[in-house]
Amino acid sequence: MKSEVKGNTIILEDTAATASEFLHEVVNEYAALNDKNIIINLSNQADLAIETLLPYLEISNKHRASKKSFVLVVEGFDYDDEENPEELVIVPTLQEAFDIIEMEEIERDLGF
């Protein structure tokens with residue numbers, strides 16, 4: 001797993017052999033990451049299905065409950081699929097991930 005800190009956000013990039021190995025790394029390192037907004041960059045993996053992303057839902061819900069943002073970056077994902085849970089924030093680019101985090105921080109500052 002490769003990580004990069006930008007302000008109050010950490011970007012985690014998948015370097016593991018499989019998606020499940022990467023998720024395991026994220027879960028194991030979560031205690032050290034939970035004070036920052038988290039972007040999970042999966043853009044280097046092709047053709048990810050919702051079944052591959054659903055395991056992130058639990059950690060996403062936990063992180064968002066602590067008033068921090070959790071965003072998945074997945075290129076070429078079908079965002080309109082009815083099976084996609086609304087609680088899981090999935091965007092196609094890193095820039096959009098930062099935009100979402102900025103909007104969520106504004107909302108939190110305003111008390112929403």
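Helices here are DSSP runs of H or I with at least four residues, strands are runs of E with at least two, and both are numbered from the N terminus. By that count, the protein chain has 4 helices and 5 strands, and from the N terminus on the order reads β-β-α-β-α-α-β-β-α. The model is a predicted one, so to speak with its own filters: local features need pLDDT of at least 70, side-chain atom pairs count only at pLDDT 80 or more, and totals for chains, interfaces and linings use all residues. Residues are numbered from 1 along each chain as its sequence is written, and side-chain values use heavy atoms, with hydrogens and water left out.

On overall dimensions, the radius of gyration (taken over C-alpha atoms) can be held against a globule rule of 2.2 Å times the number of residues to the power 0.38. For 112 residues a compact globule would come out near 13 Å, and the protein chain, at 13 Å, agrees. The C-alpha trace spans about 40 × 30 × 25 Å along its principal axes. As for burial, 38% of the 112 residues count as buried, meaning under 20% relative accessible area with a 1.4 Å probe and protein chains only. Accessible surface, from the Shrake-Rupley method with a 1.4 Å probe, adds up to about 6,500 Å², and carbon and sulfur atoms own 49% of that.

Contacts (heavy atoms within 4.5 Å) reach well along the sequence: among those with a separation of 6 or more, 62% join residues 24 or more positions apart. Charge comes next. With Lys and Arg counted as positive, Asp and Glu as negative, and His and the chain ends not counted, there are 8 positive and 25 negative side chains. Placing each charge at NZ of Lys, CZ of Arg, CG of Asp or CD of Glu, the centres of the two sets sit 12 Å apart.

Now for some local detail. Helix α1 (residues 19-33) has a kink of about 35° centred on Val27, the bend being the angle between axes fitted to the seven residues ending there and the seven starting there. Its buried residues are Phe22, Leu23, Val26, Tyr30 and Leu33, and these pack against β2 (9-13), β3 and α3 (56-65).

Strand β3 (residues 37-41) contains Asn41, which is buried at a relative accessible area of 6%. Leaving aside residues up to four places away in sequence, Asn41 touches Ile11, Leu12, Glu13, Asp14, Val73 and Leu94. In helix α3, Leu57 touches Pro85, Glu87 and Leu88, with the same sequence neighbours left out. The C-alpha atoms of Leu57 and Glu86 are 9.9 Å apart, with the two positions 29 residues apart along the chain.

Terms used
Buried < 20%, exposed > 50% of the residue type's maximum accessible area, 1.4 Å probe, protein only.
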